[in-house]
Amino acid sequence: MTVTDGGPATGGDEGAGHGGDGAGSDGPGGDTVAAVVRQWRAVHPDLDTGPMEIIGRINRCAALLQQAEDAPLRRAGLSRAEFDLLGALRRTGHELTPGELARETFSSGAAVTKRLKQLSERGLVERRGDTRDRRVAHVRLTDTGRDLVDGLLPDQLAYEAAVLSGVEGTRQDELAGLLAGLLGQLEGRLDALRV
């Protein structure tokens, strides 16, 4: 397995005892990804593992953030995916079709349909049919949904700030810029790389 396929880098204590230096989570060179990379270098010393060190750490960070389950959202009975959907409706400020919501939230159409059903049952969103095309639905926040998003957002941002509190402000800005650059390069390019 590699660190980019959800293998050893997603377990939690894989770094301990690998490579003989007790690698834990004490930063670059001493985290779980570093331990996996050292193992691959021992097996294939001729290969450049640099990309694995970046992508593996991004995947590991994403996995840990998902495991944290976003405490404010959990208390409100929402998943991150549901909040993202509500947030898309709030920040755009107008009705969206399920297809537009799928694009806004990087989700599949089927996932959006399922979430909309659940959110509708809770009275947070409502759908109306298109007057010209009965196959098209338009989704908007209810007043209850808008109040929920507006009430949760400050708590969620404070939670995310606490998650990142170990990284000083200027480093956060630098990291945000680097990730923005990477994301900008990847968007639209990965389909070509899959061929």
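Which residues in α5 meet which residues in α6? That is a good place to start with this predicted model, and the notes below work outward from there.

1. **α5 against α6.** On the α5 side, the residues are P98, L101, A102 and T105, and they meet G109, V112 and L116 in α6. Sorted by class, this contact has 5 nonpolar and 2 polar residues, with no charged residues.

2. **How α5 and α6 are set.** Helix α6 covers residues 109-121, and its axis lies 9 Å from that of α5, with a packing angle of about 110 degrees. Angles of 65 to 115 degrees count as roughly perpendicular, so α5 is roughly perpendicular to α6.

3. **α4 against α5.** Turning to the other partner of interest, the axes of α4 and α5 cross at roughly 105 degrees and come within 10 Å. The two helices are therefore roughly perpendicular to each other. From α4 the contact takes D84, L85, A88, L89, R91 and T92, while α5 supplies L101, E104 and T105. Here the classes come out as 4 nonpolar, 2 polar and 3 charged residues. If you are following along in the viewer, note that L101 and T105 of α5 are in this contact and also in the one with α6.

4. **The second largest pocket.** You may like to look at this one next. The second largest pocket holds about 200 Å³ of space. Its lining is made up of F83, D84, G87, A88, R90, R91, E104, T105, F106, V149, D150 and L153. Three elements each give two or more residues to that lining: α4 (80-92), α5 (98-105) and α7 (143-163). The largest share is from α4, with 6 residues. By class, the lining has 5 nonpolar, 2 polar and 5 charged residues.

5. **Residues with two roles.** Some names turn up twice here. D84, A88, R91, E104 and T105 are among the residues that line the second largest pocket, and they also take part in the contact of α4 with α5.

6. **α1 against α2.** Finally, a helix pair from earlier in the chain. Helix α1 (residues 32-43) packs on helix α2 (residues 50-68) at an angle of about 145 degrees, and their axes are 9 Å apart. Their crossing is right-handed. In α1 the contact residues are T32, V33, A34, V37, W40 and R41, and in α2 they are M52, E53, G56, R57 and R60. This contact has 5 nonpolar, 2 polar and 4 charged residues.

Note on methods: Residues are numbered from 1 along each chain as its sequence is written. This is a predicted model: local features need pLDDT of at least 70, side-chain atom pairs count only at pLDDT 80 or more; totals for chains, interfaces and linings use all residues. Side-chain values use heavy atoms; hydrogens and water are left out. Axes are lines fitted to C-alpha atoms, for helices over the stretch in contact, and angles run from 0 to 180 degrees between N-to-C directions. Helices (H or I, at least four residues) and strands (E, at least two) are DSSP runs, numbered from the N terminus. A crossing is left-handed if the near helix is turned anticlockwise from the far one by less than a right angle, and right-handed if clockwise. Contact means heavy atoms within 4.5 Å. Ala, Val, Leu, Ile, Met, Phe, Trp, Tyr, Cys and Pro count as nonpolar, Asp, Glu, Lys and Arg as charged, and the others, Gly among them, as polar. On a 1 Å grid over the protein atoms alone, a cavity is a set of points where a 1.4 Å probe fits but cannot get out, and a pocket is an open set with protein on both sides within 12 Å along at least five of seven lines; lining residues have an atom within 4 Å of a point. Grid points are joined across faces, edges and corners, and a volume is the space filled by probe spheres set on the points. Angles under 35 degrees count as roughly parallel, over 145 as roughly antiparallel, 65 to 115 as roughly perpendicular and the rest as oblique.
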